[in-house]
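Here is a short guided tour for anyone who enjoys looking at how a chain packs. Please keep the 3D view open while you read.

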Amino acid sequence: MDKIRKGRKDSKCILCEKRTKPGKRRPLCGETNKNLRNFLSKNFLVSPNDDDVICDTCRRKYYREGQAQVNTPTVLTNDTNANDPDFMPPSAPKRAKLSSPLSISLPISSTIKGHAQCCLCKKRGPKLMVVPQEARFHTFLGKNIIIPAGSRCCPRHLCTEGFTKEANEDITSVYTVSDFNRSGLLELIDTIREHALKNKNARIDFDKSSSLNDTDFRNLTGLTITDFEDLCSHIPNSAIRDTRVRSMRTCIGIFLTKLRSGMSNKILATLFNISKDSIRKAISSARDAVKQHFTPKYLGFDHVSRESVIQNHTRPLAQTLFGDITNTTAILVIDGTYIYIQKSGQFKFQRSTYSMHKFRNLIKPMMFVTTTGYIVSVIGPYLCNSKNNDAKILNSIFKNNLEKIKEWFDKDDVVVVDRGFRDSIDLLEEFGIQTKMPSFLKRNEKQLSVEDGNTTRLVTKVRWVVESVNGRIKQWRLLDKVLPNSLIPYAGEYTRFVSAICNKYRPPLNAGNETDDLLLGTKMLHMSKKKNELMERVSNENLHSRSGRWQKIDGNDSVEDFPKLSEEDIRDITLGVYQVKLAKSYTEEHLENDDYYEVMQQGHQLIRVRMASRHTSSKTHNLWITYDDCCIKTWYCTCKAGARIVGTCSHISSVIWFLSFYRHQTKGNQAKQWKDYVHDANQPEVVDDSDSEPEE
């Protein structure tokens, strides 16, 4: 029984008598362990048997003791030195750090610096040449030396005589192999392993610009490869800490992809093959880094001076319309943009963010934009209830002097705003700032006067740029979608960062041409002082109530003497492209189902046209156009802005575009009608007579 119990599982160390596991013990039998048995017998007076074992801990003590005895230096002393009180025994020699020679060669191309030397002058350096074939060199130390192929030599020793051009081209400063020792090779393997773990199964790799083409970069981040590299250069390495799964460039790429696509963190985690928490940390790190190191350089009233705005970011057309001869007026366009948010469970906040204009919950950043589309600053976001309309927000900005805005503006500077800022005019005038705003309809009137219509057109010719800037910002879809309430604290940072990107990497929306803008501005100012003669004629001759025969335009046989114009000529009449774009939509609506324009001839080269409003189907507008054989002379429409001379309304431009251009063109494929793909419940009921009795 005792013999059975004393098995290998119950073996104890012969020294410490601790029970040892099978993997932690070593036998003492055999010829190879003779020295170990002698060591135990001499030092511990133990006589091991064949069944005895020793644990690893005690066994290592033996090896340490044996190694210490081998390395212990022998110090020769004599009685004289030992009795000398000033005698100092010699110190033990320091253990030298051993390193293996560079005996491992790998086929890794490199430019070795400090490892190779010239075979002639024995100097080391990075510009040594590798000779691909035998070549003759200049006289060196009084001798003409032939250097064999594969040798390394300084370029100055190269002999041009008898050395062919092809041979010169073959000489390279890049070594084809690299020499390593054991330590260097292990360090290289660890570096490769770390990089491989960081990019393990990576679907999108921002660390390598070659992994994605320029189109992929723009689709994911909104930036080209060059722009992305420049953005990363603004962020120091200490701002974003590299981890095992993501680098600084990856964090910036994830942050831009989040803004550009508006995807959730779950989808981004699948896309980048890292965890959701890593996505969240990457976005947080990148947001803080760009807020500190990038955005302040390209956004804010502090980043650009007033003189720079006047010289570099003001369109000549705006200076012609609202500036002075000296071009010393700063002109900014101000408007608020919308960021839609979720309906909050905090009822007070929900009421404060509900817009009676949009009937949705939203917050409003205030945009300050130049006439070329350069964003000077974005302040906010603000609430959007009745106490936070555009005028009150602007008043609050000036009263609190945010970003030192009052010091930035100078007397007689101009701000272009819409009608929502009417309550800010008095405050701006106190600071000496001029305000340009579209005109209001007077009480009991349905149409702007000729003067008010012309003035309004001058304002809208400049103010459109802020709407285009808002649209450019919404190309980053996170700001265009309904923003989760968890991201409301960062809505302002996101808007400012995107605005800084637009300033840095996007071209101006319309910088204008100095000569063309000067001519256009002079023309608009001259026309704004004219009266609408056709409007007076319609009123005096009572043309709006005169009866006549309406004729549908269904081909070239109607109004045959109407002049033919190009689209460029039509844009000269409308003074813009927006009305021409609407003209195509108006024409498409009136030509649908053969419902053509209805035209009445009311005099020599005078037509009257009746067309429906695009806002209300039951409402129609009457318009009159006079013309001659080559051009359009005057126009008048009964719509709200139809009395102006500076440009035309969309109704007049639609008729001119159709009669003078479209009907003379070869008709191609018509645009798809989207209503053909949607059911209409207002269709007449189809009567099924299959069950009716047949007539006898």
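What follows covers the cores, a helix with two sides, a surface patch and the salt bridges.

Please bear in mind that this is a predicted model.

**Cores**

Let us begin inside. The largest nonpolar core has 81 residues, and Ile252, Phe294, Phe322 and Phe497 are those with the most contacts inside it. Apart from this core lies another, of 29 residues, which includes Phe562, Ile573, Tyr627 and Trp657. Phe322 is a good residue to click on: leaving aside its neighbours within four places in sequence, Phe322 is in contact with Ile331, Val414, Val416, Lys436, Leu458, Val459 and Val462.

**A helix with two sides**

Next, turn to helix H2, residues 34-44, where Leu36, Phe39 and Leu40 are buried. Seen down the axis of H2, these buried residues fall within an arc of 95°, so they line one face of the helix. Asn35 and Lys42, on the other side of H2, are exposed.

**A surface patch**

On the surface, Tyr354, Met356 and Phe359 form a nonpolar patch, and together they have about 350 Å² of accessible area. Met356 sits in the loop between strand E11 (354-355) and strand E12 (360-370). Its relative accessibility is 61%, so Met356 counts as exposed, the cut-off being over 50%.

**Salt bridges**

Side chains of opposite charge can pair when their charged atoms come close. A search of the whole structure finds 14 salt bridges, and the table shows some of them.

| Pair | Closest N to O distance |
|---|---|
| Arg280 and Asp277 | 3.9 Å |
| Arg315 and Asp517 | 3.0 Å |
| Glu568 and Arg571 | 2.8 Å |

Which parts of the chain does the pair Arg315 and Asp517 link? Arg315 lies in the loop between helix H13 (306-312) and helix H14 (316-322), while Asp517 belongs to helix H21 (residues 514-528), so the pair links distant parts of the chain, 202 residues apart. Arg315 counts as buried at 10% relative accessibility, and Asp517 counts as buried at 4%.

Arg280 and Asp277 are three residues apart in helix H11 (residues 276-293), and are therefore separated by about one helical turn. Arg280 is partly exposed at 45% relative accessibility, and Asp277 is partly exposed with a relative accessible area of 45%.

In helix H23 (residues 567-574), Glu568 and Arg571 are three residues apart, so about one helical turn separates them. Glu568 is partly exposed at 44%, and Arg571 is partly exposed at 29% relative accessibility. Elsewhere, Arg287, Lys291 and Glu493 are joined into one network by salt bridges that share partners.

Terms used. Residues are numbered from 1 along each chain as its sequence is written. This is a predicted model: local features need pLDDT of at least 70, side-chain atom pairs count only at pLDDT 80 or more; totals for chains, interfaces and linings use all residues. Side-chain values use heavy atoms; hydrogens and water are left out. A nonpolar core is a set of buried Ala, Val, Leu, Ile, Met, Phe, Trp, Tyr and Cys residues joined through side-chain atoms within 4.5 Å. Buried means under 20% relative accessible area, exposed over 50%, partly exposed in between (1.4 Å probe, protein chains only). Contact means heavy atoms within 4.5 Å. Patches are made of residues with over 30% relative accessible area and no salt bridge: like charges are joined within 9 Å, nonpolar side chains (Val, Leu, Ile, Met, Phe, Trp, Tyr) within 5 Å. Accessible areas come from the Shrake-Rupley method with a 1.4 Å probe; for residues, only the protein chains shown count as cover. A salt bridge is a side-chain nitrogen of Lys or Arg within 4 Å of a carboxyl oxygen of Asp or Glu. Helices (H or I, at least four residues) and strands (E, at least two) are DSSP runs, numbered from the N terminus. The arc is that of the directions from the helix axis to the C-beta atoms.
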